[in-house]
Amino acid sequence: MADCPHTIGVEFGTRIIEVSGQKIKLQIWDTAGQERFRAVTRSYYRGAAGALMVYDITRRSTYNHLSSWLTDTRNLTNPSTVIFLIGNKCDLDAQRDVTYEEAKQFADENGLMFVEASAKTGENVEEAFLETAKKIYQSIQDGRLDLNAAESGVQHKPSQPGRNTLMNDQQANKDSCAC
Amino acid sequence: MQGWVRTSRVLALAEHDNNHALFVFMSSRMPPQLFSDLSIERVLPVDADFRCEIDTDSKHQDEIDVFVNISSRKLKLLFEMVPGIKTSNFVGEIFRAIEVFTKRRGPPPEFEWLHKYASGVGGQRNSGNSLSGMDNPTSDTLESGVEGLTGQDESLTDALLGSPEISVPRQSIAKGATPIAARESVIKYQMAMKEQHYTYTQVLRVYVGTWNVNGQPPTIGLSEWLAQDPEPPDIYAIGFQELDLSKEAFLFNDSPREEEWQEAVLNGLHKKARYHKVALVRLVGMMLLVFVQEQHAAYVRAVATETVGTGIMGKMGNKGGVGVRFDLHSTSLCFVNSHLAAHVEEYERRNQDYHDICSRMSFTRFLPPKGIKDHDQVYWLGDLNYRITDLDPWRVKDCIDSGNYLPLLTYDQLHQQHGLKNVFAGYQEGSITFRPTYKYDPGTDSWDSSEKNRAPAWCDRILWKGDGITQVAYRSHPELRISDHKPVSSLFDSQIRVIDAAKYRKIHEEVMKKLDKLENEFLPQVMVDNTEVIFDTIHYLESQTRDLIIANTGQVPVTFEFIKKLDDSSYCKDWLNIEPYSGFIMPGNKCDIKLEVFVDKKSACKLNSGEDKLYDILVLHLEGGKDIFITVTGTYERSCFGSSIEALVFISVPVREIPVGKLMELENAKEVTSTQDPYPIPKEIWFLVDHLYRHGLKQPHLFEQPGLNSELLQIRNWLDNGSPDPLPGSIHSVAEALLLLLESTAEPVIPYNLHSICLGAASNYLQCKQIVMQLPEHRKNVFLYLCAFLQEVLCHMSDNGLDTKTIEAMTRTEMYFIKYVVQCVLSISGLNEEQHVVLFAVPVV
């Protein structure tokens with residue numbers, strides 16, 4: 001963690017991703033993971049269409065916190081919010097403290113999507129965002145996510161024919177650094 | 001901005017002698033004020049290589065930026081223009097200038113009038129010395145503040161300076177507010193710039209054939225013409241003239257011959273490959289057929305055909321041209337089959353037909369329409385009808401018979417006119433090594449034996465324009481004898497840019513990412529010098545400040561504000577003050593924020609009781625951007641101020657001598673169960689009252705004159721820490737300390753729940769007295785003690801000047817609660833019953 005500063009606050013960024021020919025603009029909120037900020041970061045969950053929970057595979061303590069993060073996420077978002085579990089630092093396999101199987105099982109039991117990724121090498125980072133966007137898009141297609149609901153976290157930009165623009169609040173609850 | 005960065009430019013369209021040029025200026029300020037602000041970056045002549053396209057994606061959409069692609073030879077520029085009437089006028093003028101060029105007659109202009117500007121920038125193609133970025137198209141992204149004007153170049157200055165102010169919504173993309181369509185234009189442009197990185201060259205064999213069939217039906221096979229090469233061509237473009245000389249064809253453009261000849265062509269194509277028809281276009285007797293091998297068919301896009309009649313009345317289809325254009329992979333191709341005016345002496349008419357076809361052939365399915373010149377490769381074929389002049393037909397035939405074509409070619413009108421650039425400027429033709437293709441007696445290889453005895457001529461020609469085209473063969477096919485013309489064909493090895501799908505995706509992704517990155521770089525960014533603000537020990541009524549510096553380290557102006565957290569009523573705790581709590585910072589600038597902690601009577605009790613701590617997380621929100629958490633911490637030094645009467649009576653030592661948790665425990669205890677006997681009243685009240693009683697009764701303006709803040713702090717320390725020394729400070733300070741102590745108790749001496757009863761009882765002395773007697777024990781003690789003290793004070797009215805009226809007057813000031821208490825006391829003391837029971841009604845804290 002020494003090489004990368006903690007998030008003090010909520011970082012904000014955007015990405016435009018193409019899913020099934022549709023351009024989806026992701027608004028990504030990367031919230032501070034420190035316990036002391038927890039009460040404050042709760043206010044950012046509302047209206048998120050997706051959440052990425054990131055732990056550090058080399059530090060078990062970050063993994064152990066997941067269930068309470070998950071509780072918060074479930075309580076504060078709507079049922080259709082896509083939750084993605086991400087084991088960061090998969091480039092440091094030698095220092096691994098949490099097995100893939102264990103995390104996978106946790107994800108399966110809780111109905112989360114799961115992938116191991118590395119913010120350092122970029123492995124699976126793109127995929128994680130893409131998969132999240134796809135899942136959100138699917139939810140819209142299936143009608144599970146109501147675009148008209150104020151807290152769906154998704155906006156449709158109708159001004160451009162043939163082009164769906166989706167706004168999407170994403171939360172990355174990090175116990176570790178995801179850049 | 002260059003490359004990925006945007007910069008502002010001023011565009012001007014200048015006219016000189018009916019020729020136009022686009023000037024691109026850099027300006028030292030925007031909008032430019034003086035001519036000296038401007039320097040010419042580049043000058044683009046509006047010539048055959050000048051192209052202008054409005055991004056079709058963003059066309060017809062209001063409120064978003066207009067993207068205009070301008071290219072000249074290898075140079076590609078993208079201008080983002082503010083939508084509106086000015087932009088559309090300016091772009092309209094550019095198109096008009098292009099049209100003027102296209103409709104122009106005679107050899108192409110040299111644009112000599114531009115040379116002086118070109119040398120001025122030192123980097124035009126006319127000078128060897130290249131302006132940076134000139135030969136490097138990737139650095140040529142431009143965003144422009146655009147103003148259009150036309151006029152003589154000399155009048156440029158005034159017109160420019162007269163242009164109204166232009167605002168460039170440069171933040172629109174940055175803020176993500178620009179619709180994706182606009183962003184697509186940028187992506188398209190960037191992809192065009194990077195074309196060489198994701199395309200490779202594939203050389204395709206292009207077969208171009210032309211034949212004036214003199215109205216004959218296809219009674220013979222065509223493979224001797226179309227398929228005489230060992231390998232099959234990738235692309236066929238086959239043109240016919242005089243396909244049908246019937247009136248029906250001329251008047252109704254309806255001909256059974258179309259089908260017959262198409263059938264003949266299909267049968268005559270090379271047998272070693274399968275072909276896919278790209279297009280067939282016919283105007284009266286002119287027909288053009290384009291085929292590609294089936295393997296290429298999937299990569300053919302944007303096929304369009306067009307016809308131009310230049311015959312009778314200048315419009316009819318007996319003469320003119322037909323064209324087919326399409327994109328193959330990443331290369332645009334255009335084939336034109338024309339039949340120009342006949343007769344030996346009519347070469348000028350032929351030149352004009354050429355120009356008419358050039359200017360009128362417009363593929364209107366594109367916006368703006370594409371002309372012939374707007375293609376990477378153009379192949380022009382047909383019966384161009386140019387003759388051999390000034391030579392006796394017999395001499396011509398002699399030369400031909402001896403195979404000596406060279407002297408003849410100097411008399412060939414097309415060679416002459418082409419050399420003069422009167423026609424086919426920019427086109428090439430291969431050297432002619434075949435006999436003239438006109439005019440033969442049909443069915444033979446013999447020259448025309450009619451009375452007219454026409455001189456032989458190379459009427460049927462094939463020319464080309466564009467990069468990467470190599471002619472492999474140029475020949476005639478005398479074996480086909482049904483017409484008075486012989487067919488001609490040419491083979492080309494043409495370089496087609498093929499998109500490598502994987503590389504394209506990769507680069508496209510990179511461009512998208514880069515744009516994302518840019519957009520994110522344009523998000524508001526600040527540096528806060530300290531996100532963990534730690535205060536020293538905070539004492540009651542003693543303010544402390546810390547400075548925070550917010551520096552705008554981003555590229556856009558920042559509007560910041562400290563915002564409320566979920567469920568909070570304010571953006572910070574009441575013991576904290578943030579000044580300013582919102583603001584606006586320009587890039588590169590800073591804003592100093594002052595954080596002041598001040599614990600007063602409002603916040604002290606909560607801090608003493610542990611209900612609140614000197615700890616807060618501030619949320620610094622950047623509008624349209626991120627939030628930064630700033631933690632504020634400090635330690636509050638507990639004090640008798642802000643403690644409750646009930647807690648204080650149980651503390652026999654100075655407040656700071658008891659353990660940290662003890663005070664909280666006492667404050668929170670509902671029923672105090674202490675072994676220790678409590679004091680009747682808090683000792684701190686006693687200290688202060690006793691001091692006043694002993695030293696202050698005769699003090700003039702007692703309770704009226706405020707104390708000194710520094711002395712108040714000393715008194716506070718004396719009370720909280722305990723000291724063998726006498727109570728410090730003046731009488732007035734001690735008096736104020738007493739008022740403050742009473743004001744800051746967690747609850748007033750008369751508890752809140754009794755206030756309404758007090759109001760009801762305000763006019764009744766006995767009821768008031770009853771209420772006082774029903775107060776909790778320690779409060780009653782305090783009340784009566786204060787009452788007795790005030791009686792003493794009033795006994796010395798003549799000295800201290802305090803009277804009931806003063807007290808009444810003081811109730812209207814901000815010193816509220818203690819006065820209320822004091823007045824209650826006075827009223828109960830019976831000095832002036834009628835007057836003072838009213839005071840029960842005085843508003844409380």
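# A guided tour of chains A and B

Select chain A to begin: of its 179 residues, buried ones make up 44%. The structure on display is a predicted model, with an ipTM of 0.85 and a pTM of 0.64.

## Chain A

Colour chain A by secondary structure. Five helices and six strands appear. Followed from the N terminus, the elements come in the order β-β-α-β-α-α-β-α-β-α-β. Contacts in this chain often bridge distant parts of the sequence: among those with a separation of 6 or more, 71% join residues 24 or more positions apart.

Now colour chain A by confidence. The mean pLDDT is 80, and 79% of the residues score at least 70. Select residues 158–179 of chain A, where pLDDT stays under 50. The model nevertheless has 88 contacts beyond four places in sequence for this stretch.

## Chain B as a whole

Turn next to chain B, which has 845 residues, 43% of them buried. Its secondary structure comprises 28 helices and 29 strands. Of the contacts in chain B with a separation of 6 or more, 70% are between residues 24 or more positions apart. The mean pLDDT of chain B is 80, and 83% of its residues reach 70 or more.

## First stop: the sheet of strands 1, 2 and 3

Select residues 9–16 and 38–45 of chain B, which are strand 1 and strand 3, together with residues 19–27, which are strand 2. These three strands form an open sheet in the order 1-2-3, with antiparallel pairing. Why is one side of strand 1 and of strand 3 left without a neighbour in the sheet? Both strands stand at the edges and each has a single partner strand, so one side of each has no neighbour there. On average, neighbouring strands of this sheet are turned by 30° against each other, direction ignored.

Within the sheet, look at strands 1 and 2 of chain B. The two run antiparallel and are joined by eight bridges. To see one facing pair, display B:L13, which stands opposite B:L22 in strand 2. The hairpin of strands 1 and 2 has two residues between the strands, and there B:D17 takes a positive phi near 55°. Is strand 1 of chain B mostly covered or mostly uncovered? Strand 1 is mostly covered, with six of its eight residues buried.

## Second stop: a buried phenylalanine in a loop

Centre the view on B:F424. This residue lies in the loop between helix 14 (413–419) and strand 17 (428–429) of chain B. B:F424 counts as buried because 20 other C-beta atoms lie within 10 Å. Which residues does B:F424 touch, leaving aside those up to four places away in sequence? They are B:Y354, B:H418 and B:L463. For B:F424 and B:L463, the separation is 39 residues in sequence and 8.3 Å in space, C-alpha to C-alpha.

## Third stop: the sheet of strands 21, 23, 27 and 25

Select residues 526–528 and 576–579 of chain B, which are strands 21 and 25, and add residues 544–552 and 590–597, which are strands 23 and 27. The four strands make an open sheet in the order 21-23-27-25, with antiparallel pairing. Strands 21 and 25 are the edge strands, and each pairs on one side only. From one strand to the next, the twist averages 20°.

Strands 23 and 27 of chain B run antiparallel and are joined by eight bridges. Display B:I550 and its bridge partner in strand 27, B:C591.

## Fourth stop: two packed helices

Select residues 683–695 of chain B, helix 19, and residues 777–795, helix 24. Their axes are 11 Å apart, and the helices pack at an angle of about 10°. Helix 19 of chain B is therefore roughly parallel to helix 24 of chain B.

Show the side chains where the two helices meet. Helix 19 contributes B:I685, B:V689 and B:Y693, while helix 24 contributes B:V782, B:Y785, B:F789 and B:E792. By class, this contact has six nonpolar residues, no polar ones and one charged residue.

## Last stop: low-confidence stretches of chain B

Finally, select residues 811–819 of chain B. Here pLDDT stays under 50, and the model has 20 contacts beyond four places in sequence. Residues 828–845 of chain B also stay under 50, with 50 contacts beyond four places in sequence.

Notes:
Residues are numbered from 1 along each chain as its sequence is written. Chains are lettered from A and ligands numbered from 1 in the order in which they are written. Two strands pair if DSSP finds at least two bridges between them. Axes are lines fitted to C-alpha atoms, for helices over the stretch in contact, and angles run from 0 to 180 degrees between N-to-C directions. Angles under 35 degrees count as roughly parallel, over 145 as roughly antiparallel, 65 to 115 as roughly perpendicular and the rest as oblique. Two residues are in contact if their C-beta atoms, placed from the backbone, lie within 7 Å. Ala, Val, Leu, Ile, Met, Phe, Trp, Tyr, Cys and Pro count as nonpolar, Asp, Glu, Lys and Arg as charged, and the others, Gly among them, as polar. pLDDT is the predictor's confidence in each residue, from 0 to 100. A residue is buried if 20 or more other C-beta atoms lie within 10 Å of its own, exposed if 12 or fewer, and partly exposed in between; C-beta atoms are placed from the backbone.
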